[in-house]
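I opened my notebook to look a few things up in this model. Here are the entries, in the order I wrote them.

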Amino acid sequence: CARFATLEHLSVHKCSIPSVGLHGIAVALGAGRLKTLNLSACGLEDARAKQVSAGLMGNTSLRVLLIAANHLTHTGLLSLTLALKAHPCIATLDVSFNPFGDGGATHIAGLLAGGTGSLREVRADGCEISNKGAESLLSVINHGPCLVERLALSQNSITHLGLASCLPLMASPSLRVLDLSHNALRHAGASCRARGAFRIGCRVY
């Protein structure tokens, strides 16, 4: 672990990582100094995400985890969110463009509701999330330790958000940006966006 003792930022964006390489990343996480880890577009699937999750279980320093554009399903998201539940520092989580759908969105909602209170930005663009998954995420915005300021759900399959989903947006003391762009939102969704924007000054687009 000595060679990772001072490593604070690691990006392997668009690199094909063998299992032995993931072991090294897990070791780097365990060294306790890493603050930023970019694993986007590395071809990761659920099994290898579990290796990353194993490293996260013992980490207390990471602030930014970028794991977008991989092949993670709701199973991979479950292992990640379980690993992050007790994390004291993680502030930014980007899981965009992974096909985890509503099941994965539910796991993220569980993390926001009962997990770390340090998360400030969550990006889940292009993840095949529908109304059900979006509503599960929005419903926890104003509950528990959730202090998320930016939530990105663009390029999903969201068509309708009811008043029950809008109410947390109206009361949330923290949410400042909600990205719903490139979803086929109907009139009820547009109404929700307007209510959220005018009641709390949240920029919704």
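**Entry 1: two loop residues**

In which loop is Ala 69 found? I located Ala 69 in the loop between β3 (64-66) and α3. This is a predicted model, so I read every value here as computed. I looked up the backbone of Ala 69 next and got a phi near 55 degrees, a positive value in a residue other than glycine. For its cover, I noted a relative accessible area of 38%, so Ala 69 is partly exposed.

I then turned to Lys 14, which has a positive phi of about 65 degrees although it is not a glycine. Lys 14 sits in the loop between β1 (9-11) and α1 (19-31). Is Lys 14 buried or exposed? I found a relative accessible area of 63% for Lys 14, and because the cut-off for exposed is over 50%, Lys 14 counts as exposed.

**Entry 2: the whole protein**

I stepped back for the totals. The protein has 7 helices and 8 strands. Of its 205 residues, 52% are buried. I also looked at how contacts spread along the sequence: among those with a separation of 6 or more, 87% join residues 24 or more positions apart. For the surface, I wrote down about 8800 Å² exposed, with carbon and sulfur atoms supplying 57% of it.

**Entry 3: helix α3 from the inside**

Which residues of α3 are buried? My list for α3 reads Gly 76, Leu 77, Ser 79, Leu 80, Thr 81, Ala 83 and Leu 84. I asked next what these buried residues of α3 pack against, and found α2, β3, β4 (92-94) and α4 (101-114).

I picked two of them for a closer look. Gly 76 is part of helix α3, which covers residues 74-84. Its relative accessibility is 0%, so I logged Gly 76 as buried. Gly 76 and Glu 45 are 31 residues apart in sequence, and I read 7.2 Å between their C-alpha atoms.

Thr 81 also lies in helix α3. I have it as buried, with a relative accessible area of 4%. Which residues is Thr 81 in contact with, leaving aside its neighbours within four places in sequence? I found His 107, Ile 108 and Leu 111.

**Entry 4: α2 beside α3**

I checked how helix α2 (residues 46-57) runs relative to α3. The two axes come within 9 Å and cross at roughly 0 degrees. Angles under 35 degrees count as roughly parallel, and α2 and α3 are therefore roughly parallel to each other. On the α2 side, I listed Asp 46, Ala 49, Lys 50, Ser 53, Leu 56 and Met 57 as making the contact. On the α3 side, the contact is made by Thr 75, Gly 76, Ser 79, Leu 80, Leu 82, Ala 83 and Leu 84. I sorted the contact of α2 with α3 by class and got 7 nonpolar, 4 polar and 2 charged residues.

**Entry 5: α4 beside α5**

I did the same lookup for α4 and helix α5 (residues 131-138). Their axes come within 8 Å and cross at roughly 5 degrees. I therefore noted α4 and α5 as roughly parallel to each other. Which residues make the contact between α4 and α5? From α4, I have Asp 102, Ala 105, Thr 106, Ile 108, Ala 109 and Leu 112. From α5, I have Lys 132, Gly 133, Ser 136 and Leu 137. By class, the contact of α4 with α5 has 5 nonpolar, 3 polar and 2 charged residues. I marked Ile 108 of α4, since it turns up here and also in the contacts of Thr 81.

**Entry 6: a glycine in α1, and the cysteines**

I looked up Gly 30 and found it in helix α1. Gly 30 is partly exposed, with a relative accessible area of 48%. Gly 30 and Ser 61 are 31 residues apart in sequence, and their C-alpha atoms are 9.3 Å apart in space.

How many disulfides does a search of the whole structure find? I got 0 disulfides. I still looked up the cover of two cysteines. Cys 89 is partly exposed, with a relative accessible area of 24%. Cys 146 is buried, at 7% relative accessible area.

Definitions and conventions
Residues are numbered from 1 along each chain as its sequence is written. This is a predicted model: local features need pLDDT of at least 70, side-chain atom pairs count only at pLDDT 80 or more; totals for chains, interfaces and linings use all residues. Side-chain values use heavy atoms; hydrogens and water are left out. Helices (H or I, at least four residues) and strands (E, at least two) are DSSP runs, numbered from the N terminus. Buried means under 20% relative accessible area, exposed over 50%, partly exposed in between (1.4 Å probe, protein chains only). A disulfide is a pair of cysteine sulfur atoms within 2.5 Å. Contact means heavy atoms within 4.5 Å. Axes are lines fitted to C-alpha atoms, for helices over the stretch in contact, and angles run from 0 to 180 degrees between N-to-C directions. Angles under 35 degrees count as roughly parallel, over 145 as roughly antiparallel, 65 to 115 as roughly perpendicular and the rest as oblique. Ala, Val, Leu, Ile, Met, Phe, Trp, Tyr, Cys and Pro count as nonpolar, Asp, Glu, Lys and Arg as charged, and the others, Gly among them, as polar. Accessible areas come from the Shrake-Rupley method with a 1.4 Å probe; for residues, only the protein chains shown count as cover.
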